[in-house]
Amino acid sequence: MGNCRFITQKQNKKEMGDRHGCKRKGKDHHMYGKRGKDNHMYGRTGKDHPSYGRLPWKTGKAKNNQESMSAWEQLPGLYQLWKDNNSPRCGKFRSLAVQYNFPDINYEKMIKYFNGTNNHKGGIDYLLKEHAKYD
């Protein structure tokens, strides 16, 4: 992927060939037109999903983002802040978190764990218990 710069699809093909690492859009994208049963993730939910059972701070996206990882490291404090402020939604919670010197990131996924929408095995209690092992 290296040194990507914004270039058009025609420039991309002319300068770099078909296999350049910059994002390809439309018909050049490898998943173009693959919907439903043609999609490699079709039907992979729950236990069949590759991330099923993984702790949220051990997923690739969280590991690769320093600010996100910092937020997951402060999970108990963020959960307490969320509870103390009557379970605010994402935008309000983000403002509160920044006000209390937590990272300025999107807390949507974390809030889903807090309110039980994205229930992970034993819910938030399980996550807090697992988090304590890593402190």
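In the predicted model, Asn-101 is exposed, with a relative accessible area of 69%. This residue lies in the loop that links α5 and α6. Its phi is positive, about 65°, although Asn-101 is not a glycine. Most residues other than glycine have a negative phi. A positive phi is also found at Ser-87, another residue other than glycine, where the value is near 50°. Ser-87 belongs to the loop between α4 and α5. With a relative accessible area of 39%, Ser-87 is partly exposed, because this value falls between the limits of 20% for buried and 50% for exposed residues. Asn-101, at 69%, is classed as exposed because its value is over 50%.

The helices that flank these two loops, α4 and α5 for Ser-87 and α5 and α6 for Asn-101, also contribute to the largest nonpolar core. This core has 22 residues. Two or more of its residues come from each of α3 (66-73), α4 (75-84), α5 (90-99), α6 (108-115) and α7 (123-134). The largest share, five residues, is provided by α4. Within the core, the residues with the most contacts are Leu-78, Phe-93, Tyr-107, Met-110 and Phe-114.

The surroundings of Phe-114 were examined with its neighbours within four places in sequence left aside. On this basis, Phe-114 is in contact with Leu-75, Leu-78, Tyr-79, Trp-82, Phe-93 and Ile-124. Among these partners, Leu-78 and Phe-93 are also listed with Phe-114 as residues with the most contacts inside the core.

Conventions: Residues are numbered from 1 along each chain as its sequence is written. This is a predicted model: local features need pLDDT of at least 70, side-chain atom pairs count only at pLDDT 80 or more; totals for chains, interfaces and linings use all residues. Side-chain values use heavy atoms; hydrogens and water are left out. A nonpolar core is a set of buried Ala, Val, Leu, Ile, Met, Phe, Trp, Tyr and Cys residues joined through side-chain atoms within 4.5 Å. Buried means under 20% relative accessible area, exposed over 50%, partly exposed in between (1.4 Å probe, protein chains only). Helices (H or I, at least four residues) and strands (E, at least two) are DSSP runs, numbered from the N terminus. Contact means heavy atoms within 4.5 Å.
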